[in-house]
2 protein chains.
Amino acid sequence: MYRSKTCGELRMNNVGEKVTLAGWVQRTRKMGGMTFVDLRDRYGITQLVFNQEANAELCERANRLGREFVIQVEGVVNERFSKNDKMPTGDVEIIVSALNVLNEALTPPFTIEENTDGGDDLRMKYRYIDLRREVVRKNLELRHKFCIEVRRFLDSKGFLEIETPVLVGSTPEGARDFIVPSRMNPGCFYALPQSPQTLKQLLMVAGMDRYFQIVKCFRDEDLRADRQPEFTQIDCEMSFVEQDDIIKTFEEMTKYLFKTVRGVDLGEQPFLRLSWNEAMRRFGSDKPDMRFGMEFVELMDVLKGTGDFGVFNEAAYIGGICATGCAEYTRKQLDELTNFVKSPQIGAKGLVYARVNEDGSVKSSVDKFYTPEVLEKLKEAMQAKPGDLILIISGDDAMRARKQLCELRLQMGSRLGLRDKNKFALLWVVDFPMFEWSDEEGRLMAMHHPFTAPKPEDVEKLDTDPASVKANAYDMVCNGVEVGGGSIRIHDAVLQAKIFDVLGFTPEKAQEQFGFLMNAFKYGAPPHGGLAYGLDRWVSIFAGLDSIRDCIAFPKNNAGRDVMLDAPSHVDQKQLDELQIDLRPTEA
Amino acid sequence: MYRSKTCGELRMNNVGEKVTLAGWVQRTRKMGGMTFVDLRDRYGITQLVFNQEANAELCERANRLGREFVIQVEGVVNERFSKNDKMPTGDVEIIVSALNVLNEALTPPFTIEENTDGGDDLRMKYRYIDLRREVVRKNLELRHKFCIEVRRFLDSKGFLEIETPVLVGSTPEGARDFIVPSRMNPGCFYALPQSPQTLKQLLMVAGMDRYFQIVKCFRDEDLRADRQPEFTQIDCEMSFVEQDDIIKTFEEMTKYLFKTVRGVDLGEQPFLRLSWNEAMRRFGSDKPDMRFGMEFVELMDVLKGTGDFGVFNEAAYIGGICATGCAEYTRKQLDELTNFVKSPQIGAKGLVYARVNEDGSVKSSVDKFYTPEVLEKLKEAMQAKPGDLILIISGDDAMRARKQLCELRLQMGSRLGLRDKNKFALLWVVDFPMFEWSDEEGRLMAMHHPFTAPKPEDVEKLDTDPASVKANAYDMVCNGVEVGGGSIRIHDAVLQAKIFDVLGFTPEKAQEQFGFLMNAFKYGAPPHGGLAYGLDRWVSIFAGLDSIRDCIAFPKNNAGRDVMLDAPSHVDQKQLDELQIDLRPTEA
């Protein structure tokens, strides 16, 4: 070993010990005849001292050390004259007697500090330098700890971690696959799994009873912010269970993780459960942020047909939220909110507001269309108090209007500081619809995935009214983010074939793509279900990050590129020849 | 839950309890008015009893149960009249009061028994049925336990598990890459990593200090028996270490794993260390099976030029092994051995033997060429006793002849029952050559990989005699299998460039392919090193398997196919269009 101690472990009780340390030069300072060097490694920072008088040559060499040089020093631990109580090693320093430069370093392209001067692109290109910053490193340490505790918990509950293959077959239902040409089978391709969904179901047919895997998954989608082409799932499946068993198991795991990894006690009570219908009605979202209230109030009775405002009179939905204490919002602030809801990504036609004055009277942007009595009714319906601001959105597509109001609610929550990163509000959203209509595909699509079991009482409606069928599906939501989701699966080949039929598969196509699974169901499939968590997202919530990127060691950018490795890139013609594929000529 | 207990947990102290069980019908037996059903799940087998007299209708339904039906039963735990001490639940049975068929099953294509009647192909096609067999399931349970303990150990030593990307850049040095066309970057490809080698080195540059990962790796090689296109590594790296630190750390881990996972105490002493030269000299292999002796004796002094046997007189190498107590081998047995060494996969020209008779005289296949005195010297050199059989191989390529003799030694070890699967002989092979000559490529190749550090004292020979340079590389060998290997890495950009030069890279090519790493070395790279274990292979040794296949849930066959999923397969034209690639027309 190049060291006898790390840079994070020396304390007062080590004073007098002779030690060897190794690490990176964080900073050097000359003060009079002394040179101080902050030596950094993963475990901390220790101050080194060089004394011009005691050893001029050594001190001179220390003065020539640059930032991020890798050095090894020998010396004696000494009590500091002026202690630094901001760091655990702040009581001591090392009086250096020998200095060995292990590797020099060019000046790093940005500072290795909490708030670096490096922009995103530069940080990603030199990620190996960026990761030296404590704020980034801590995220990876948290991720490690998180996974250790996930495994500890699931192992204690009898789950087996079983690896499923990465080179699988392509199944176009769902997102787009990454595909891998097979040299040994020319013209054929593997696909990278979007999730091990069918494989874990086969493991249940195989009698593995309780399975999990922390596993990479792949989706070739156009990347939105905070999407990665490869991401990590905590993938779980259980046999002989009903929805409630799964929810209880993973609620217990969640509480365990919050306690052991994050030091947060979520208490004894079960998480709230909201049906999908209720979540949409009260929050306009299937992943409501429950850290604050500001629930939707439907205002169709109050405002539709009760005045001359044509927009409301033609609306399919009118809903409002009450922003406590915001009646004083200025014209400018209200314009900002209006512009926000009218922005292309939200897409509302406009925003109606109503202030409740200190005297209880209501002053709204649609005063001229409504009598004071109607506005009084509005105030009542909204349970608004003097000083509150009512914000109203309407639309001719109820679902779309709700989603717009949801965005507004989140915006107001942020503005009012109600979305505290250190507060955690968890719930289950249950009773999802089985299908949703896709305008693009012109058919019903599985809302969860095609292996989700319908509620038994709804099975007969698969023929008559499939859009109304509810699924035994559930999502776990934390702070407005879907951290996990799952379902009870179909374990019956006949019902599975029926679902493929509703989804518009011909029997031949269903057989071609999912025959292996439907066939497996004929050989004794147990009732089973499970769920999968998005690890990147969950860790980023624990870390209080806005983006998943900084809890990933080597993330890709929004164009799917690793700018550090410069991947993807061109390959040798020999490689294409071996695979018997050709690139199409690029258009000029 | 569909059950209150598993099929593995009921004992005498549960007698009288009302329980619900669920599982698979292993077997049904009718005896008089009774029907017995063995109900199986992952945890065990419990006997169910149906009584014709007590409930004729229920018993009738039990009689109609087929093998592998999935059922749920209610009943009361009862003490068995005739106990079965071969199974943990053998003292009790369930007097069934209710039976619910959860899923019927077609007759499985092979028996779910320790020795199944299913061939390899059938087992792989129906792997979800094959995995129900206890012998296969136990391997996956062992693999789970193995990984849990690896993580427990490494976590306790301060290693962080950090995920590295699966979509990386292609680096043709080494084996062939699987490549993945990028839709968002037409004409460009990702590659799947052959190992996270360069990424883990970047993590050391990033100051992560101790890294590990249990990670999938990919190689598009022509599959030999027991090779998989995707395999799993336990990948580790440490900073500020020397070779000895790494060897000690992982020796400790190995002892920990043998103790906790396999119940084997490997004792206090360090593992044997053999230099590569010595391993080749004494065993003709860089991964000698040390469960038995039968070491090579070089016989050049004894047999070259001391008689009229031209083969020996022209040989560059003559070596022998002594098979204790095999002097009685018949002509037929000796012919078998001769045919074995002459087979194409071994490639020896022939085999010379010499028996030591009970009276101490030597009778050999080359008697006519040598005087009795020479044969006496042979006996002495081999330290052969009466009753022993000396087997001799020679050749004009010393390395090749040693490898042939190595195969013969292993063959004799097997024949003599010296390769006990429950005995474990571990050692480190160290001081590997840095390079080996490739006839195919017409240049020196890295024996380990191009990032391996040469021994400091050999660096100057890189210019003058590169073939003689030794590396700071080491392999861990168990029972003749290389389970892991690693090296101290280069952490200096100049030395790394030098190695690429020796390997025949132009500076431009080196920069193009490994510029990201050499660049990183300029920003403060610490001394570092590590190793990687082959998880599949190690687990298969722990499990006593001949093949790695049965410790993998869903392995591929020798053509790289998953016959269960039928992957790889053809993809839609739309997918190729999106990727802007074309398949070459197949030749008729």
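In this predicted model, a search of the whole structure returns 113 salt bridges over all chains. One of these links the side chains of A:Arg132 and A:Glu68, with a distance of 2.8 Å from N to O. Because A:Arg132 lies in the loop between α3 (127-130) and α4 (134-156) of chain A, while A:Glu68 lies in the loop between α1 (56-63) and β4 of chain A, the pair ties together parts that are 64 residues apart in sequence.

The domain assignment divides chain A into domain 1 (12-103), domain 2, which is made up of the two segments 137-274 and 426-551, and domain 3 (292-415). Between domain 1 of chain A and domain 2 of chain A, the C-alpha centres are separated by 51 Å.

Turning to the strands of chain A, strand β1 (residues 18-31) pairs with strand β4 (residues 70-79) in the antiparallel sense, and 7 bridges are found between these two strands. Within this pairing, A:Thr20 is placed opposite A:Glu74 of β4(A). Strand β1(A) is also joined by 7 bridges to strand β2 (residues 34-41) of chain A, again with the two strands running antiparallel, and here A:Met31 is found opposite A:Met34 of β2(A). The connection between β1(A) and β2(A) is a hairpin with 2 residues between the strands, and A:Gly32, which belongs to the turn, adopts a positive phi of about 60 degrees.

In chain B, an open sheet of 5 strands is arranged in the order β12-β13-β16-β14-β15, with antiparallel pairing. The edges of this sheet are formed by β12 (297-298) and β15 (362-364) of chain B, each of which has a single partner strand, so that one side of each is left without a neighbour in the sheet. Inside the sheet order, strand β13 (residues 317-323) of chain B and strand β16 (residues 389-395) of chain B run antiparallel and are joined by 7 bridges, with B:Ala323 standing opposite B:Leu389 of β16(B). In general, strands of a sheet pair through backbone hydrogen bonds, in either a parallel or an antiparallel manner.

Superposition of the two chains shows that chain B can be laid on chain A with an RMSD of 0.1 Å, the operation being a turn of 180 degrees with a shift of 0.0 Å along the axis. The two copies are therefore related as by a two-fold rotation axis. Of the interface residues of chain B, 100% are also interface residues in chain A, so the copies meet through the same surface.

The contact involves 127 residues from chain B and 127 residues from chain A. The area buried between chain B and chain A amounts to about 11,300 Å², and carbon and sulfur atoms account for 59% of this area. Of the area that chain B buries against chain A, 8% is supplied by B:Phe240, B:Tyr523 and B:Arg584, which is more than any other three residues provide.

With regard to polar interactions, 16 salt bridges are counted between chain B and chain A. Among them is the one formed by A:Glu163 with B:Arg143, in which the closest N and O atoms are 2.7 Å apart. Across the interface of chain B and chain A, 73 residue pairs are found in polar contact, with both residues at pLDDT 80 or more. Helix α4 (residues 134-156) of chain B contributes 9 residues to the side of chain B that touches chain A, which is the largest share.

Some details of the backbone remain to be described. Most residues other than glycine have a negative phi, and most peptide bonds are trans. In chain A, however, the peptide bond from A:Ala567 to A:Pro568 is cis, with omega near 0 degrees, and A:Pro568 is located in the loop between α16 (535-543) and α17 (573-579) of chain A. In chain B, a cis peptide bond joins B:Ala567 and B:Pro568, with omega at about -5 degrees, and B:Pro568 is located in the loop between α16 (535-543) and α17 (573-579) of chain B. A positive phi of about 55 degrees is found at A:Gln580, although this residue is not a glycine; A:Gln580 lies in the loop between α17 and β23 (581-583) of chain A.

Definitions and conventions:
Residues are numbered from 1 along each chain as its sequence is written. Chains are lettered from A and ligands numbered from 1 in the order in which they are written. This is a predicted model: local features need pLDDT of at least 70, side-chain atom pairs count only at pLDDT 80 or more; totals for chains, interfaces and linings use all residues. Side-chain values use heavy atoms; hydrogens and water are left out. Domain bounds come from an automatic or database domain assignment. Copies are superposed by least squares on the C-alpha atoms of residues with pLDDT of at least 70 in both. Contact means heavy atoms within 4.5 Å. Two strands pair if DSSP finds at least two bridges between them. Helices (H or I, at least four residues) and strands (E, at least two) are DSSP runs, numbered from the N terminus. Buried area is the accessible area (1.4 Å probe) that two parts lose on being put together, summed over both. A salt bridge is a side-chain nitrogen of Lys or Arg within 4 Å of a carboxyl oxygen of Asp or Glu. A polar contact is a pair of N or O atoms within 3.5 Å; within protein, one must be able to donate a hydrogen and the other to accept it, and residues adjacent in sequence count only if both atoms are side-chain atoms.
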